Amino acid sequence: MSLLTLSAASYGVRGKTLLNQASMTLRPGELTVAIGPNGAGKSTLLRLCCGELAPTGGRVLWDGADLASIPPWRLAAARAVLPQASSLGFPFTVAEVVRLGMETVGRKLPRAAATAIINASLASADVGHLTGRSYETLSGGERQRVHFARAVAQLAAGRAASGRDDLPQALFLDEPTASLDIHHQLLLIREARRLADSGVAVFAVLHDLSLASSCADAILLMRNGEIVAQGAPDMVLTPDWVRQVFGVETEVLQASGGGPAFAYRLP
Ligand SMILES: Nc1ncnc2c1ncn2[C@@H]1O[C@H](COP(=O)(O)OP(=O)(O)OP(=O)(O)O)[C@@H](O)[C@H]1O
């Protein structure tokens with residue numbers, strides 16, 4: 001079953017094609033990771049998937065319907081987005097930032113239910129101890145974790161407001177681990193994996209190939225605005241593809257219970 005389908009979706013701006021005929025599917029319960037060099041079109045793909053950009057060619061379908069036809073309030077309950085960079089124009093506290101994620105969907109929730117969602121979301125990103133802090137005083141990594149908590153809260157509020165634990169939902173994460181230390185990278189990926197295991201269709205853009213291979217059900221490999229390979233990690237993250245797309249050589253360090261670890265070097 002697919003939740004989101006792109007059929008030959010393209011996006012161009014001022015005569016330049018940023019995404020060329022991308023076809024892919026996001027399924028409930030699956031964590032899909034997009035990888036590729038800088039400028040390959042990963043963020044553009046993510047922004048098309050979450051409805052932030054409209055395709056200039058092809059189609060983007062959510063649950064079989066044109067994504068653009070889904071009313072914003074319904075979309076807000078169904079998908080949350082962690083963009084690559086987020087700025088806030090107001091001195092919010094951490095709790096207020098997370099509450100912002102629930103603005104559209106959580107208004108009708110009883111106060112106790114909303115508070116429980118906020119606390120659980122803060123804990124899931126390990127930012128519970130920062131609740132009362134001003135967002136502006138946080139470090140880059142702390143801010144990223146707060147935004148992850150905001151997205152998690154939005155999905156939880158969407159489920160609670162709909163009264164459906166099985167509400168089809170998707171989570172879009174654009175380089176969610178970029179500013180995080182190794183502990184919090186693993187923690188965030190574990191949370192993303194947990195959400196996928198609970199039925200959410202998770203789509204993440206990552207640069208760390210080892211992290212991608214350790215958590216993904218499916219990998220989309222991108223180059224020059226195109227998806228050049230997609231499938232299970234061991235089918236896509238082959239030394240050959242990595243050489244072709246990134247211009248680096250792969251060394252397999254170990255194959256233990258946690259999956260293989262890779263090192264990369266310039267040829
Ligand atoms: N509005 C725009 N006008 C022209 N070019 C654009 C515009 N927006 C993005 N691009 C270009 O489109 C290409 C794809 O951008 P995108 O942000 O999708 O890449 P990415 O794979 O996410 O890269 P990164 O890994 O560096 O984040 C880049 O070359 C970028 O410079």
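**Arg-14 and Ala-8**

I started at Arg-14 in this predicted model. Arg-14 counts as exposed, because it has 4 C-beta neighbours inside 10 Å. I found Arg-14 in the loop between S1 and S2. I then read its phi, which is near 45 degrees, a positive value in a residue other than glycine. I noted the background: most residues other than glycine have a negative phi.

I looked up Ala-8 next. Its phi is near 45 degrees and thus positive, and the residue is not a glycine. Ala-8 is in strand S1. I counted 12 C-beta neighbours inside 10 Å for Ala-8, so it counts as exposed; the cut-off for exposed is 12 or fewer.

**S1, S4 and S5**

I followed S1 to its partner. S1, residues 4–13, pairs with S4, residues 57–62, in the antiparallel sense, and five bridges join them. I checked one pair: Leu-6 has Val-60 of S4 as its bridge partner.

S4 also pairs with S5, residues 65–66, again in the antiparallel sense, over two bridges. Here Trp-62 stands opposite Ala-65 of S5. I looked at the turn of this hairpin, which leaves two residues between S4 and S5. Asp-63 in the turn has a positive phi of about 55 degrees.

**The ligand shell**

Which residues surround the ligand? I listed Val-13, Lys-16, Leu-18, Gly-36, Asn-38, Gly-39, Ala-40, Gly-41, Lys-42, Ser-43 and Thr-44. Two or more of these residues come from strand S2 (16–26), and two or more from helix H1 (42–49). H1 gives the most, with three residues. By class I have three nonpolar, six polar and two charged residues in the shell.

**The six-stranded sheet**

I traced the open sheet from edge to edge. Its six strands run in the order S6-S7-S8-S3-S9-S10, and the pairing is mixed. S6 (79–82) and S10 (226–231) are the edge strands; each has a single partner, so one side of each lacks a neighbour in the sheet. From one strand to the next, the twist averages 15 degrees.

I took two pairings from this sheet. S3, residues 31–35, runs parallel to S8, residues 201–205, with four bridges between them. Ala-34 has Val-205 of S8 as its bridge partner. S6 and S7 are also parallel and joined by four bridges. Arg-79 stands opposite Ala-170 of S7.

I then checked which way the side chains of S6 point. Arg-79 and Val-81 face one way, Ala-80 and Leu-82 the other, and all are buried. Arg-79 is thus a buried residue, whereas Arg-14 counts as exposed.

**Helices across the sheet**

Which strands does H5 lie across? I found S6 and S7 (170–174), with the helix running at about 175 degrees to S6. Helix H6, residues 182–197, lies across S3, S7 and S8. H6 runs at about 150 degrees to S8.

I picked Leu-155 in helix H5 for a closer look. Is Leu-155 buried or exposed? I call it buried, because 25 other C-beta atoms lie within 10 Å, and the cut-off for buried is 20 or more. Leaving aside neighbours within four places in sequence, I find Leu-155 in contact with Ala-80, Gln-169, Leu-171 and Val-200. I also took its distance to Val-81: 9.9 Å, C-alpha to C-alpha, across 74 residues of sequence.

**H4 against H5**

I ended with the contact of two helices. The axes of H4 (111–124) and H5 (140–162) come within 8 Å and cross at roughly 145 degrees. The crossing is right-handed. On the H4 side I noted Ala-113, Ile-117, Ile-118, Ala-120, Ser-121, Leu-122 and Ser-124. On the H5 side the contact is made by Ala-149, Val-152, Ala-153, Ala-156, Ala-157 and Ala-160. How many residues of this contact are charged? I found no charged residues, two polar and eleven nonpolar.

How values were computed
Residues numbered from 1 in each chain as written. Predicted model: local features only at pLDDT ≥ 70, side-chain atom pairs only at ≥ 80, totals over all residues. Axes fitted to C-alpha atoms, helices over the stretch in contact; angles between N-to-C directions. Left-handed = near helix turned anticlockwise from the far one by under 90°. Contact = placed C-beta atoms within 7 Å. Nonpolar A, V, L, I, M, F, W, Y, C, P; charged D, E, K, R; others polar. Near = placed C-beta within 6 Å. Pairing = 2+ DSSP bridges.
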